[in-house]
Amino acid sequence: MAIENSTSLLRRAMAHPSFRVGVIGSAAFLALALVSLVWTPYPTDIVDIPNRFASFSVTHWLGTDYLGRDQFSLLMTGIANSLKVALLAMAIGAMIGVPLGLIAASSKGWLEAVILRFNDFIFAFPALISAIIITTLFGPSAINAMVAIGIFNIPVFARVARGGALSLWTLEYVDAAKLSGLSNAQINVRHIFPNVASLLIVQATIQLSLGVLAEAGLSYIGLGTQPPETSLGLMLKEAQSFFFGFPMQAVIPGLAIVLFVISFNLLGDGLRDTLDPKLSKAGSINVAG
Amino acid sequence: MFGFALKRLFGVAVTLIVAAAIIFFLLDILPGDPARFMLGINATEDAVAALRVELGLDQSAFNRFFGWGAGVIQGDLGISFSQRMPVSQLMSERLQVSLPLALSALTLSTLIGLPMGIVAAQNRGKFGDSFTMTLAQIGIAIPNFWFAMLLVLAFAVTWRIFPPGGFVPWSENPLVAAKSLVLPAIALALPQAAILARVMRTALVDVIQADFIRTAMAKGLTKKQAIWRHGVRNALLPVLTIMGLQFAFLIAGTIIVENVFYLPGLGRLIFSAISARDLIVVRSAILVLVAMVIVVMFLVDLAYAFIDPRIRTGGQSIGN
Amino acid sequence: MTQIIEKMIKNSLLAAAMIGGTAFGALSAEIRVGMVLEPPHLDPTAGAAAAIDEVVYANVFEGLTRIDQTGAVRPALATAWEISEDGLIYTFTLKDGVTFHDGTSFDADDVVFSFERARADNSTNAQKGIFAPITAVTAVDPSTVEISIAQPQGDFLFNIGRGDAIIVAPETADSNQSSPVGTGPFKFVQWNQGSRVILEKNDAYVGDPVALDKATFVFISDPNAAQNAMLAGELDGFANFPAPESLSIFEADPRYQVLRGSTEGETILSINNAKAPFDDVRVRKAIAHALDRQSIIDGAMFGYGTPIGTHFAPHHPYYVDLLDTHARDIETGKALLAEAGYPEGIKATFKLPPPTYSRRGGQIIAAQLREIGIELELINVEWGQWLEDVFKTKNYDLSIVSHVEPFDIGIYANPDYYFQYDNVIFQAIIEKLNVTTDEADRKTLAQEAQKILAEEAVNGFLFQLAKTGVWKANLEGMWPNSPVEGNDLTAVRWTN
C-alpha cells in the first residue's frame, strides 16, 4: 500500500462539492486573518464614544461597535485571534497526542495501558472546569485559553493516531520491516506516520473549528481573549448586551463563527470522503463537544 | 466477561486515586487567600488569621490530603469554606438540576441525532443525506450560548411559554422544575444531536460497505433489513463512545448554559467556588464529576465488550 | 341578649371580611427581586459581602438604629437615646415586646451579647472599626442599654445602624449564617443555594407592619439573563440592574419603571501612590488632566453616574464640587509628564476587577491616558486575585474600583491602605473629624479633606455609581438611593 500522491489526492478531493465549498470558505477566512496582521481599515484600539453603534456606511462597511471601533477591522482581527487560539491549541494537541497514540499502538503492554488511562483521565476531566482552573492559576488570557483547549485535543489526536496505526501494524510490509531489524520508533516514523497523516489532517481541521467554538465559549465566561484585544467569541459576548437595540452587533460575529466552523468542517469532510475507506473506518472518530 | 469487567474495574479504581491526587495538589497552588477573600476589604489581620486557623489552613498539604481522602471514602466531602454547609449537601442540591438536565439532554440528542444519522446513511449521496448533514453542520457551528439566548428570547420573553431561567426544587413544584429544564435541555441537546448524527452516519456508512452486510443480503435480507438488523448494531460502537463523552461534557461543561438560564447547577457551583477560592468545594465537586464520568465510560466499555466479543479477548474492532 | 347577638354579627362580619379578603385580594402580596451576586452566607455581622446585607438588612435583622433612604438615622430596636454632655456615654431605651423569629424575647442582654460578640478578638465582623472606640456595653435594665466610648464620635449612631451592628440572639448567633434569626418584619424561610432566598412576613413583628407577605431574592449573575428575566415577567424588580445599556428599553415600556438614584460608591481610578512614577504628584496631576469623566460615564455606564472631583458622595451635604481642580487638558497633561521627567511617556499595568464599570471603563480610560503618552497594559482579574494583588500586597500600578462604604474618606488617612497615600496633614484632619460632633465643624473639616485629595490628585476621581433599579410599574416604596448596604423592603407595596 503506497502513500497516495498528494496531487492526485487533491484532484479527487476537488470532485466533492463539499470540499470545494470548504476550501473557498477556509481560504477566505485565512486570507482575512493574514491581512489583518499587517493592515486593517481602522485601528482597533481607539475609543470613539460619540460614533458608536453606527450602521453600515461607506466609511464603515459593517458599522461600529459599542466603543466606536470599526466592525470590519474588528472582524478581521477577531478572526485572526480566534484562529490563532484554535491553531495553537490544535498544534499542542497534535504534537503531544500523535506521538502518544503511535507509541501506544506500537508498544502494547503497560506503556499502552498507561497512555490509555491518561487519555481516559483527560476525557473524563470536565474541560471547562480545567480551563477555569488554568486561567485562575495563570490569569485569563488568550494563551492560557490555548493551553486549556490544547490539553483536550491531546487525547483526540492520540485516539485517532492509535486507531489508524493499529490497523497498519497488521499489514505484511510492516512485519517485513520489523523482521529486517527496524526498531518500533523507526517503523513509526518511516511507515506508520506517513500513512496516518491524512487521517490526522482531517481530524486537525475538525479540531480547528472546535477550537474556535471553545474559544467563544471561554470568552463568554470571560476566560478567553481579553479586551482590548478581540476575538469572534468576545465580540459575540459583548454584542449580546446590545441585542435589543442593535442586533447586527451580534449577527456579524455570530455569522462569522458559523461560517468559519462550517468551512473547516466541510474541508475535513471532503478530505475524509476522498480517502481510502479502510483507513478512514479504522481511525477516525469525530470527537466533538 | 466477568474477568474483563474485573480488570477494568481495577483500572477504574487506579484512575480515581490518581485523579484525586492530581486534583488535590493542583488546586493547592491556587494563588489567593480564602480567609482574606471571605472577610473582605476592611478585615483586620487578626480576623483573617483566626479564620485561617479555623479553616485548617495551617496544616501541611499531605495531612490535608489524607484527611480529605479518608473523609471522601466515608462519604464526608467536607464543609464548604465560604458557605458553611456540607459539600455533600451542596452537591446533592445541584445534582437535582444537573443530573436530570444531562440525562434529558442526552436522551433528546439521541432521539434526534441517531435517526438523522441513519436517514443520512441510508440515502447516502442523495437529498436526504445532504439535507440532514447540512442541518447537522449548522447545529454544530452555532455557539451554544448564542443559541441558548435565542431560545430564551423566543420562548420565554416573546411567547412566555417557558421560564427564562431559574429553578424550583422538585419537592416544591415538579411541574415548574421540569419546565425550567426544557429550554436548557434543548440548548444542550441540539449541538450534541448534530454531532451524533454525523458520527452515526459515518459509522453506518462504513458498516454498510462491510462484508457481513453483503453476506446478509446474499442470505435473502433486503438492504434495509440488513442495515437495521446487523449494521446499526455494529455502528453503535463508536456512537456509544461518543455518547459516553457527551455525558462527560453534559454533566460538567454546562456552565455556559447554567449561566444563561441562571440554573443552580454543578457547573456554576464549581465556577463560583473557584472564584471564592473555596478549595474544599472545588476539590470534592471535581472528584465527584470525574468519578461519575469514569464510571460512565466504564459502563460504555462493558457495553462495547458485550456487543463485540472480540474486544474481550483483546482483538480489534470497529471504532477503537 | 341583643348585645351578644350584636357581637356575634360583628364577629362573623369581621370573619367574613377576612375570608373574603383572603379569597379575593391577597393572592398573598409577593415579590420576586433579582440580585447579581449571591451572598456567601446570611450573617451580616460575620462577613463583608454587601450581598448579605442586600438580603437581610432591615428585612430580617435590625440594629439599635436604622438608616432610612435619605441616609438619616432613625430609631429601630432603640426607640430613644440620650448622649451625655461629653459625648462619651450613649443611653438607649429599647422597644418593648420584641421577639426574635424563634420566639425568644429580646432585651438589653441581647444587645450586650451582640456588641461583645462583635468586639471579641476572634470576631469575624468586617467592620470592627465601628466597635473599636467602645469601652463598655452594659444592660442597665431589660429595656435600657448604656454604651461608653473612648472619645466622642460624630457618626456613632449612623455606624451602629449598619448591617454589621445588627442585634442577634445568643441562642441562634452561630447558625445565622445558614439560618438567620432576627427581629425584623420578615423571617427567613429557606435558601436554595445558587438559586434564591425566600422570606416571609413576620406576624409577630412589633412596629409598622409590612405590606408584603413573601419576598424571594433570585440570584442572576449574567446581565443578559437578568434583562430577559425582567422582560419575561419572571421578576418583579431588580434593585441594582446590572445592564445600564438596556435601561432605555425599560424606560420606554409602560409596564416597568426605572428608579434612578445614587449609591455610596465612589468609583475611582486607584493609583499606587508609593510606586514610581506615581509617587510624583505631577504624574498624578497629568493623569487627572487626561480624564474625561463624562465620556467614561457615557461609554461604560450609558450615562448613569454623577461625576465626582474627590472621594465624596455628591448627594452628601458636606460635598464640595472640585471637578475643575485638574480639568481635562491634554497639553497640560503632557507638559506635566515632561516636567516630571517622562517626555517619552510611561508604561504601566492596569488591573481590572470584574464589574462593568471597571472592564468597560478601563478600556475608555486607557484610550484617554494614551493621549498624554501613558501606555497601559490591561489585566483582567477576578475579585480574589484583585484582593491578593492590589489590595493586600499592593502589587499594582493602576486599578479601578467603586468604594461603597458610606463616608469612607478616612481610608486616605491610613498609609497602609492600598493607595499608600501618606500625608500627615490629611491624617490630622481626619483624626480631628472623627472626634468632632458639631455639624458645622464637621462640614468644614470634611471639605478641607476633600480639597487636599483633589489637589494632590491622589486617585483619579471618576464618578459616583448610580443606583438604577428596574421594577414593575405597579410597585412603590422602593429606595431609589443606597445610603447603606441593603434592600429595605419594609415600605414596598403593590399599588393595585
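V293(B) is a good place to start: setting aside residues up to four places away in sequence, it touches A124(A), F247(B), A248(B) and I251(B). Keep in mind that this is a predicted model.

V293(B) also belongs to the largest nonpolar core, which holds 316 residues. Along with M200(B), V239(B), I270(B) and A285(B), it is among those that touch the most other members. If you're wondering which helix gives the most to this core, look at α8 of chain B, spanning residues 174-208, with 19 residues.

**Inside chain B**

The domain assignment splits chain B into domain 1, residues 2-87, and domain 2, residues 95-308. Where they meet, 24 residues of domain 1 are in contact with 18 residues of domain 2. On the domain 1 side, the elements of chain B that give two or more residues are α1 (2-28), α2 (34-39) and α4 (61-73). Helix α1(B) gives the most to that side, with eleven residues. As for chemistry, the domain 1 side has 18 nonpolar residues, five polar and one charged.

**What chain C touches**

Chain C has contacts with both of the other chains mentioned here. Towards chain B, 39 residues of chain C are in contact with 45 residues of chain B. On chain C's side of that contact, β10 (214-219), α6 (223-231) and α12 (383-392) each supply at least two residues, and α12(C) gives the most, with seven.

Turning to chain A, 17 residues of chain C are in contact with 13 residues of chain A. Here the chain C elements giving two or more residues are α6, α9 (293-301), α11 (356-370) and β15 (374-380). The largest share, five residues, comes from α11(C). Here is how the two sides of chain C break down by class:

| Side of chain C | Nonpolar | Polar | Charged |
|---|---|---|---|
| Touching chain B | 14 residues | 18 residues | seven residues |
| Touching chain A | seven residues | six residues | four residues |

**Strands in chain C**

Chain C has an open sheet of four strands, in the order β4-β5-β7-β6, with antiparallel pairing. Which strands stand at the edges? They are β4 (78-83) and β6 (134-141) of chain C; each has a single partner strand, so one side of each is left without a neighbour in the sheet. From one strand to the next, the twist averages 20°.

The partner of β6(C) is β7(C), residues 144-149, and six bridges join this antiparallel pair. To find your way along it, look for A136(C), whose bridge partner in β7(C) is S148(C). Helix α3 of chain C, residues 108-119, lies across β5 (89-94), β6 and β7 of that chain, and runs at about 165° to β6(C).

Further along the chain, β12(C) covers residues 256-271 and pairs with β17(C), residues 460-472, in the antiparallel sense over eleven bridges. In this pair, R260(C) has T468(C) of β17(C) as its bridge partner. Strand β12(C) also pairs with β16(C), residues 398-403, again in the antiparallel sense, over six bridges. There, the bridge partner of E266(C) is H403(C) in β16(C).

Technical notes
Residues numbered from 1 in each chain as written. Chains lettered and ligands numbered in written order. Predicted model: local features only at pLDDT ≥ 70, side-chain atom pairs only at ≥ 80, totals over all residues. Pairing = 2+ DSSP bridges. Axes fitted to C-alpha atoms, helices over the stretch in contact; angles between N-to-C directions. Contact = placed C-beta atoms within 7 Å. Core = buried A, V, L, I, M, F, W, Y, C linked by C-beta atoms within 7 Å. Buried ≥ 20, exposed ≤ 12 C-beta atoms within 10 Å, placed from the backbone. Nonpolar A, V, L, I, M, F, W, Y, C, P; charged D, E, K, R; others polar. Domains from an automatic or database assignment.
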